[in-house]
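Here is a quick tour of how this chain is put together, from a couple of helices out to the interface. Have the model open while you read.

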Amino acid sequence: MKKIFLILTLLLFALSCGNKNGNNKTLSLNIGSEPTSIDPQITTDIAGGTVDELILEGLLRKDKNGKSVAGLAEKWETSKDGLVWTFHLRNGIKWSNGDPITAKDFRAGWIRGLNPDTGGSNASMLFVIKNGEKYNAKKASDKEVGIKVIDDKTLEVTLEAPTPYFDDLVTFKSFMPLNEKYYNEVKDKYFTDEHTIANGPYILESWVHDSELKFKKNPNYWDAANVKTENVVLKIIATDSAVNAFKNKEVDVTSVTFEQAKEFAGKNELVKANDGGMYYLLYNTGEKALQNTKIRRALTMAINREELINKVLEGSEKLTKTFVPTGIGLNGLAKDFAQEVPTDQPKFNVEEAKKLLAEGLKEQGLAQLPNLKILLNDTGSRKSIAEYIQENLRNNLGVNVELEVVSGKERIERTKKRDYQISLQNWTGDFLDPITYLDIFASANGNNRGDFKNARYDELTKIVKSSADPKVRVPAMVEMEKLISEEQPVTILFQKQKLYLVNPKVKNLGFVSIGGEFFIRDVVMN
């Protein structure tokens, strides 16, 4: 009897040590930072988007290759003029609480996203819908918005203009449905902590802030039979601790910096992936000095981007001349869009930078450039990047720069409030069209947190969004890149390249270059 007890004890010990996540049906990923929000009509960060992709699904969803495929809608069609899209929902689809999902839920969610009282930064993504922008500006009623419920299973959407990427747009979190009954029950607590409702592959079980979010498989999800992993845990672990967490089997997947990746060179655990993330300095044009184009150009020209990438970052990131990233499927007329843009960013040139700075200061009535502050969150290699920029501006322009290191959540909140001078930012687009990058500098866009304004840029944005013809759209977007190069609302630093550590037992995990970070629904844990 003692021998049997000993064997059982040893067996249980071995099982508990073999997987710190609890069992082989649990996937644990490190998302690095606390989501600022998980409310689909409000959140703009990648962490919040990762949560929403687990618990929510739209009319369509993305497959592992980034293609839009049937989601809660089993089929859809478009009118000949491209203005009317009709979606047909699946039979028997339910929310996690058992309520039926209807076309009315989608109308409610989209109207909430457009409602100015919601305060969603992505409301402009819904402006493609007829009278959506007018409703957001309180110039039309919600009844005038082009979203019509034909019946419980049929939604008809009328657009302002033909929008060839609308099937991509409806996969995005701003286009998620809303269970009004549940929303009215929880009110201001909607999508905070445990006050969530799901229609996607998983249900949010618990959220320990600044620690982890736990999810379990949603039995009411229409495609639950094809969700192979029972549980998902999203850990919030700082960059400095990520590798140790991976080694200790606390997480199965984590992103790492290029410095951390060196230890795993040549090993199966190290995975490289394409990324659509653009890193840049965002200028708050509400600041007197930063209102001036010559001063912004001077700051750009005083930073040696090639040295930043090749020496500080050891070639781990990609130098780019455009704000639209390269090599991730964003097409121009005949090839990759960025390759069709003839203009470049201002080159590193200290003498020209000094000249422009002097001219800009004179135009602004300033004797010298005030001390500047760069806002950043200390994840990844951001601090090394900011310190290099700080040194360049001091040595090349005599500018004193202070670094303000905060949490990712605080950085986002402060840029929303315009409580910053310069911010080190990262933007990843939401769908496969160059406009998902370029329109964030349009004056009406809620993500234009530098408050850049240019009448021609706004005009070009409308041209792009009011035509389905590539011969009209692409030249307009090329001109938008030209204006970014000339006006410098941002200093483009580089295009991000992803590095991850992945436990070999994780199979079929996808990495998304645009519109998210992970493709989790196909994961199998061996």
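The buried residues of α2 pack against four strands: β8 (202–208), β9 (212–217), β10 (231–235) and β21. Contact here means heavy atoms within 4.5 Å. Helices (H or I, at least four residues) and strands (E, at least two) are DSSP runs, numbered from the N terminus. Helix α2 itself covers residues 46–55, and because eight of its 10 residues are buried, it is largely enclosed by the rest of the structure. Buried means under 20% relative accessible area, exposed means over 50%, and partly exposed is in between (1.4 Å probe, protein chains only). The buried set in α2 is Ala47, Gly48, Gly49, Thr50, Val51, Asp52, Leu54 and Ile55.

A word on the source: this is a predicted model, where local features need pLDDT of at least 70 and side-chain atom pairs count only at pLDDT 80 or more, while totals for chains, interfaces and linings use all residues. Residues are numbered from 1 along each chain as its sequence is written, and side-chain values use heavy atoms, with hydrogens and water left out.

Now for the loop between β21 (518–519) and β22 (524–525), where Asp522 is found. Arg521 is in that loop too. How exposed are they? Arg521 counts as buried, at 12% relative accessibility, whereas Asp522 is partly exposed at 29%. Not counting residues up to four places away in sequence, Arg521 touches Glu57, Arg61, Pro201, Tyr221, Asn226, Val227 and Lys228. With the same kind of neighbours left out, Asp522 touches Lys64, Lys507 and Asn508.

Two of the Arg521 contacts are polar, side chain to side chain. A polar contact is a pair of N or O atoms within 3.5 Å; within protein, one must be able to donate a hydrogen and the other to accept it, and residues adjacent in sequence count only if both atoms are side-chain atoms.

| Side-chain pair | Polar contact distance |
|---|---|
| Arg521 and Glu57 | 3.1 Å |
| Arg521 and Tyr221 | 2.5 Å |

Over to helix α9 (residues 293–301), where Ile295, Arg296, Ala298, Leu299, Thr300 and Met301 are buried. Those buried residues pack against β13 (278–283), α11 (350–364), β14 (372–377), α12 (382–397), α16 (470–487) and β17 (490–495). At the start of α9, a side-chain oxygen of Asn292 comes within 2.8 Å of the backbone nitrogen of Lys294.

Leu397 lies in α12 and counts as buried at 14% relative accessibility. Leaving aside neighbours within four places in sequence, Leu397 is in contact with residues including Ala298 and Leu299. The C-alpha atoms of Leu397 and Met301 are 10.0 Å apart, with their positions 96 residues apart along the chain.

So what are the domains? The domain assignment gives domain 1 (26–236 + 503–525) and domain 2 (277–497); such bounds come from an automatic or database assignment. Their C-alpha centres lie 30 Å apart, and 24 residues of domain 1 are in contact with 25 residues of domain 2. About 2,100 Å² is buried between them, 59% of it from carbon and sulfur atoms. Buried area is the accessible area (1.4 Å probe) that two parts lose on being put together, summed over both. Thr36, Tyr165 and Ile514 supply 28% of the area that domain 1 buries against domain 2, more than any other three residues. Across this interface the rule finds four residue pairs in polar contact, both residues at pLDDT 80 or more.
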